[in-house]
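Trainee: Please take me closely through one part of this model, the packing of its helices, and follow it from there to whatever the helices help to surround. I would like the residues named as you go.

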Amino acid sequence: MPYRLTVLGTGYLGATHAACMAELGFEVLGLDVDHSKIERLRRGELPIHEPGLEELLQRNLESGRLRFTTSFEEAAHFGDVHFICVGTPQIKDGYAADVSYLDSVVESLAPHLDRECLVVGKSTVPVGTAQRLADKLVRLSPAGQRVELAWNPEFLREGFAVQDTLRPDRIVLGVASERAEKILRDVYGPLGEVPIVVTDYPTAELVKTAANAFLATKISFINAMAELCETAGADVRQLSQSLSFDERIGGKYLNAGLGFGGGCLPKDIRAFMARADELGAGQALGFLREVDAINLRRRTRAGDLARELLGGSFDGRRVTVLGAAFKPNSDDIRDSPALDVAAAIARQGAKVTIYDPAALDNARVAHPELDYAGSALEAARDAHVVLLLTEWQEFVSLDPEELGAVVAARNLVDGRNALDAEVWRCAGWHYRALGRP
Ligand code: UDX
């Protein structure tokens, strides 16, 4: 393999990218400023729950193709291509994205870049960031113009990170020269036949935010239809299924329920709106405010359904919440709809007990005021209402009789439209779901 790669930032994206690039045969050096994270990665331990990734990490550590460091100097001397994979979280007092980690990586790396190399941004950023960082890079690097920037957004989903990285739908390359394009085509060559779009910086940056905005819009569209179904006595599941047969619409991201959460969609649509406002194009993204509002209203509605089942008050009631992760097969609780609903119900006077197959440790830290149990049945003991808020397979295959035997009352809110209503009703449950009669 001709190029040696570094991956700067070893969070979700970085850890996955580093392990996958090593798997493709490259020598890879992962870097993070967090010493404890680097120590764990060196031992082959992942700080996150991601199917298949730990095996990949360990295999490539053993082969010696993958190593980790905290030294920017070492990374600068090692790498021909440097991938920046740091996060761009929502700022504390607004909607915009905090890009300070990106600036800090460039400021730490550039002074050591004394030979030709390519720096590739993969983070999700406000449009215009790449050009600003490209200028900064050239200004701060001893090698000057021989250090170049490219923008190559990442589209991976949590839970499918390895698969999405090794078999991507498309590769988008925002480049300023043919040389940069050639290097990135070489790097991704081992992935085989993948559509590659070669474009400029702003288009590459926008593809990522536009993709997330579209997905969020699709989810909120079906959840808006769910609101209508609730008032009209219609069934959003059948509505969505019927829409999905139209190939122009497609069935993906049309599952009505509690809506989207996680570390990306919510903060990315907000940052997108904030950036559009800065550019004087806020009107173009005005609809995303509605997308966000529809999404958040679903959380309120889930709590309302549970309260209705209890006759109008949570006071002194025991409530079971199944699910804490923002989606199944993940331990990520960032902007988790499930935890948001659980916390809101607790604030209304209920005793809330939560169970999740993977996210309990994270949930405990974020919400010490809630109670936690080691299994679904334990969490449901003596409950007056059970809410299914993250559709783990373990919950979808729960036996209504077995669960019914431990609760105080057979009340159920299916916040993800994941269960067979008839089966639960036949077992004597008062079953309520979002968007269904
Ligand atoms: C998302 C994008 O899919 C990915 O391309 C991007 O790189 C990062 O953001 P991720 O955050 O891992 O990935 O989650 P995703 O699987 O897209 O789900 C997002 C949220 O939408 C989850 O809370 C999920 O429960 C919800 N969702 C998804 C729905 O409510 N309905 C659906 O039909 C699909």
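Mentor: The model is a predicted one, and a good place to begin is the contact in which Leu 102, Val 106 and Glu 107 of helix 5 meet Thr 129, Leu 133, Lys 136, Leu 137 and Leu 140 of helix 6. By residue type, this contact of helix 5 with helix 6 is made up of five nonpolar residues, one polar residue and two charged ones. Helix 5 covers residues 100–109 and helix 6 covers residues 129–140, and the two pack with their axes 9 Å apart, at an angle of about 20 degrees. Because angles under 35 degrees count as roughly parallel, helix 5 and helix 6 are described as roughly parallel to each other, and their crossing is right-handed.

Helix 9 deserves a longer look. Taking helix 11 (residues 265–278) as its partner, the axes come within 9 Å and cross at roughly 115 degrees, and helix 9 passes helix 11 in a left-handed crossing. On the helix 9 side the contact uses Thr 209, Asn 212, Ala 213, Leu 215 and Ala 216, while helix 11 contributes Leu 265, Asp 268, Ile 269 and Phe 272. Six of the residues in this contact are nonpolar, two are polar and one is charged.

With helix 12 (residues 286–309), the axis of helix 9 again comes within 9 Å, here crossing at roughly 55 degrees, so helix 9 and helix 12 are oblique to each other. Their crossing is left-handed. Ala 213, Ala 216, Thr 217, Ser 220, Asn 223 and Ala 224 of helix 9 face Leu 288, Val 291, Ile 294, Asn 295 and Arg 298 of helix 12 in this contact, whose residues divide into six nonpolar, four polar and one charged. Ala 213 and Ala 216 of helix 9 thus take part in the contact with helix 11, and Ala 213 and Ala 216 are also listed in the contact with helix 12.

From here one can move to the ligand, since helix 9 (residues 201–232) gives the most to the shell around the ligand, with three residues. That shell holds 19 residues, and the closest to the ligand are Glu 158, Asn 255, Phe 260, Gly 262 and Cys 264. Sorted by type, the shell has 10 nonpolar residues, six polar ones and three charged ones.

The domains complete the picture, the chain being divided into domain 1 (4–199), domain 2 (209–292) and domain 3 (298–433). Domain 1 and domain 2 both give residues to the shell around the ligand, and the ligand therefore lies between them. The C-alpha centres of domain 1 and domain 2 are 29 Å apart, and 11 residues of domain 1 are in contact with 10 residues of domain 2. On the side of domain 1 that touches domain 2, seven residues are nonpolar, three are polar and one is charged.

Terms used
Residues are numbered from 1 along each chain as its sequence is written. This is a predicted model: local features need pLDDT of at least 70, side-chain atom pairs count only at pLDDT 80 or more; totals for chains, interfaces and linings use all residues. Axes are lines fitted to C-alpha atoms, for helices over the stretch in contact, and angles run from 0 to 180 degrees between N-to-C directions. Helices (H or I, at least four residues) and strands (E, at least two) are DSSP runs, numbered from the N terminus. Angles under 35 degrees count as roughly parallel, over 145 as roughly antiparallel, 65 to 115 as roughly perpendicular and the rest as oblique. A crossing is left-handed if the near helix is turned anticlockwise from the far one by less than a right angle, and right-handed if clockwise. Two residues are in contact if their C-beta atoms, placed from the backbone, lie within 7 Å. Ala, Val, Leu, Ile, Met, Phe, Trp, Tyr, Cys and Pro count as nonpolar, Asp, Glu, Lys and Arg as charged, and the others, Gly among them, as polar. A residue is near a molecule or strand if its C-beta atom, placed from the backbone, lies within 6 Å of it. Domain bounds come from an automatic or database domain assignment.
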